[in-house]
Amino acid sequence: MTTTNDNVSCDPLASQAHSGDLVERARAGDQASFGALFRLHVGRIHRTVHRLAGPSADIEDLVQTVFVDGFRSLPAFRGEALFSTWLTRIAVRVAVRARNKAAARRLVSIANPADEPADDADPARVADARRGLERLDAILGGLSDKRRSAFVLHVLEGHSLEEVAAMLEASVAAVKVRVHDARREIERQARLDPWFIAFLGMGE
Amino acid sequence: MNMTTTADCREFEERLVDMLDGRLAAGSELRMHAHAESCGSCATSLSRWRRGLPAMRELAPRPLSPMALRRMELAVESGLRSTDPAPRAANRPVLSRLRMRWTLLGAAAACALALLALRLTARIHPSPTFGRLDTSSGLALVDGNRPQPGAELHPGASLAMASPGQIEFALGRDAQVRLTGPGLATLLGDAHAIRVRLDSGELALVLGKRHSNESFVVETRHGRVEVRGTRFSVGFAGASSWVRVDEGLVAAFRAKDADAHAVGAGQTFWLGPDSTALVPSPAVVPSEGSDTFESDPQPAPAGDCITATARARRAMRGGQPSRALRLLDERASRDDVQASQRCRDEIGYLRAEALRASGRPREAIVAYLRLDRHGAEPAMRQNALFAAGELEERTGRHLAAHRRFEAALAVAPSGGLREEAMERAMQAAFAGRETALARAAAQRYLREFPGGGSSPAARRILRETTSDGTR
């Protein structure tokens with residue numbers, strides 16, 4: 001079974017042109033391009049860092065670190081990978097480092113009201129979504145760094161195995177094994193919680 | 001879940017997510033389906049993950065608010081402006097790292113010698129960058145002497161205010177501190193690991209983002225506060241002490257326990273026992289976008305405006321949108337010709353947010369659209385139009401929502417909400433049964449974000465509709 005993108009009726013190269021152009025201008029010192037790159041990628045990086053590092057009051061700090069590190073390292077970016085792939089590689093490194101640090105020191109978070117659900121959302125749905133996210137975070141928290149990274153990037157973020165291999169600087173074969181092992185572990189853990197299995201619609 | 005171990009089953013499992021995401025070639029996908037038809041275990045797995053994958057992907061943190069996005073963008077800009085070492089080795093390509101390894105080994109020996117020389121020098125001349133006094137008023141004493149502006153502050157320096165008054169000073173890299181008396185503070189540590197011990201009085205601080213090798217701690221007898229880049233104050237009230245954060249985040253530690261408590265913007269945390277005494281309202285409000293204190297003790301109109309918006313934000317964070325609305329309306333009703341356009345827009349935006357949080361969607365939409373009409377900066381107009389689109393959608397006005405999301409895209413084509421606006425415009429058109437619009441929006445989304453979170457939804461729309469406008 002081979003994997004291609006040819007069943008998608010769009011041109012990935014054209015879609016990256018905008019980002020590539022911004023990267024070139026940022027490397028030339030154009031300050032506005034840094035802001036544009038930040039706005040282009042921050043949503044995805046924020047979601048990825050949360051899923052990799054787990055819930056923490058530091059997520060905004062970590063996302064900022066990813067961008068500051070990434071922008072400072074732009075001279076070393078040689079365009080061999082997509083900028084988004086390269087930035088995700090930095091996000092993985094920052095998130096894993098933070099996760100290991102956090103494990104060494106317990107952080108009691110005071111809920112940030114800005115992160116609370118909007119007042120006008122359906123309370124029952126919000127409560128279920130929150131419980132589901134907590135459950136998923138807990139299950140992801142039980143995985144090793146390598147399995148978690150591979151699972152998050154491939155299964156949750158939807159990157160291809162080849163892209164994930166480039167992000168993790170690993171072989172495709174290694175990523176396949178990590179994703180497979182992570183999925184088995186997650187299925188095993190999820191089955192221990194009938195509510196979660198029902199919530200995901202993954203029951204018998 | 002019963003996993004078989006045949007090669008086909010293994011391959012099926014490995015490519016399952018690619019298939020569900022539509023990344024497989026037609027031939028490969030057919031073979032996957034053919035295998036599932038002949039293998040009960042893989043068919044079950046396919047069925048479960050087909051239902052479970054979208055649900056699992058939905059379990060994501062809430063998107064960052066426009067305000068948080070702007071705050072983070074400013075922090076990144078500030079981080080880039082600060083002087084920092086060259087790119088870290090971890091970000092360099094592998095080959096480049098290998099080539100550098102020998103160079104680094106050679107450099108390491110030279111560095112060791114240089115460090116030895118530096119240590120010897122430092123013993124003779126203490127670091128001059130630890131601290132510097134800016135201004136003082138009232139009866140201020142540094143190590144028992146009347147200080148001169150520009151005087152250097154060394155580790156161990158004692159700052160005392162015997163009467164009401166203030167001492168302003170800079171510490172280490174990018175930290176501005178004000179001690180309001182009567183009070184007593186002692187400076188400890190070094191330029192990279194600064195500690196300020198506060199025995200009485202109040203400290204207000206504005207700090208730039210800390211580097212990984214830097215720390216900044218404020219201690220009272222009740223506990224301590226560890227700081228990253230932020231604006232905050234620490235002070236005494238009765239028998240207790242408190243920390244109040246205006247921007248950013250600090251980690252607070254009570255002396256009696258080892259837990260770190262994250263204190264965010266708008267929050268006050270008691271280091272000692274909770275006190276019924278009121279924490280004073282901010283005595284100083286550093287100008288927004290600046291890392292220094294206002295030099296004029298009388299608030300200027302712009303500063304007054306910032307104070308009003310800061311109070312409104314605090315009320316919003318505290319779940320009091322009606323109070324925020326009252327504060328903003330009071331401020332807006334003043335005949336203040338000197339208020340900047342930016343300040344007026346900020347008030348307008350917060351007012352719209354407060355109306356939205358108060359459950360008044362129609363009025364909120366009008367307030368958001370007013371910002372667009374009045375020519376606020378593009379990023380703010382995009383935020384406002386996007387928020388208006390969300391509200392239109394929630395009230396079932398799908399086509400109006402589609403128009404707002406399209407307008408949000410048009411006003412700032414490379415803005416922070418670009419992907420979200422494209423996605424929402426697509427969904428709104430689909431929900432409003434405008435098939436042609438939905439298809440065009442789906443094709444545009446896939447063109448711009450082929451691996452985006454909503455690409456499965458875009459493909460579904462293209463599958464479920466036809467180009468002649470039927471569904």
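**Exercise 1.** In this predicted model, find which residues Val63(A) touches, not counting residues up to four places away in sequence.

*Solution.* Start at Val63(A) and look along its own chain: there Val63(A) touches Val42(A), Ile45(A), His46(A) and Val49(A). Then look across to chain B, where Met72(B) is also touched by Val63(A).

**Exercise 2.** Now place Val63(A) in a wider setting: which residues have the most contacts inside the largest nonpolar core?

*Solution.* The largest nonpolar core holds 72 residues. Those with the most contacts inside this core are Val49(A), Leu62(A), Val63(A), Val66(A), Ala91(A) and Ala95(A). Next, ask what supplies its largest share: helix α2 of chain A, residues 31-53, gives ten residues. Finally, there is a second, separate core of 52 residues, including Leu391(B) and Met426(B).

**Exercise 3.** Work out how helix α1 and helix α3 of chain B pack: at what angle, and how far apart are their axes?

*Solution.* First, find the helices: α1(B) spans residues 7-20 and α3(B) spans residues 40-58. Their angle is about 25 degrees, and their axes are 11 Å apart. Angles under 35 degrees count as roughly parallel, so α1(B) is roughly parallel to α3(B). The crossing of α1(B) past α3(B) is right-handed. Now list who makes the contact: among them are Phe12(B) and Leu16(B) from α1(B), and Leu46(B) and Trp49(B) from α3(B). Sorting the residues of this contact gives eight nonpolar, two polar and two charged.

**Exercise 4.** Step back to chain B: how many helices and strands does chain B have?

*Solution.* Count 14 helices and twelve strands in chain B. Of its 471 residues, 41% count as buried.

Technical notes. Residues are numbered from 1 along each chain as its sequence is written. Chains are lettered from A and ligands numbered from 1 in the order in which they are written. This is a predicted model: local features need pLDDT of at least 70, side-chain atom pairs count only at pLDDT 80 or more; totals for chains, interfaces and linings use all residues. Helices (H or I, at least four residues) and strands (E, at least two) are DSSP runs, numbered from the N terminus. A residue is buried if 20 or more other C-beta atoms lie within 10 Å of its own, exposed if 12 or fewer, and partly exposed in between; C-beta atoms are placed from the backbone. Axes are lines fitted to C-alpha atoms, for helices over the stretch in contact, and angles run from 0 to 180 degrees between N-to-C directions. Angles under 35 degrees count as roughly parallel, over 145 as roughly antiparallel, 65 to 115 as roughly perpendicular and the rest as oblique. A crossing is left-handed if the near helix is turned anticlockwise from the far one by less than a right angle, and right-handed if clockwise. Two residues are in contact if their C-beta atoms, placed from the backbone, lie within 7 Å. Ala, Val, Leu, Ile, Met, Phe, Trp, Tyr, Cys and Pro count as nonpolar, Asp, Glu, Lys and Arg as charged, and the others, Gly among them, as polar. A nonpolar core is a set of buried Ala, Val, Leu, Ile, Met, Phe, Trp, Tyr and Cys residues joined through C-beta atoms within 7 Å.
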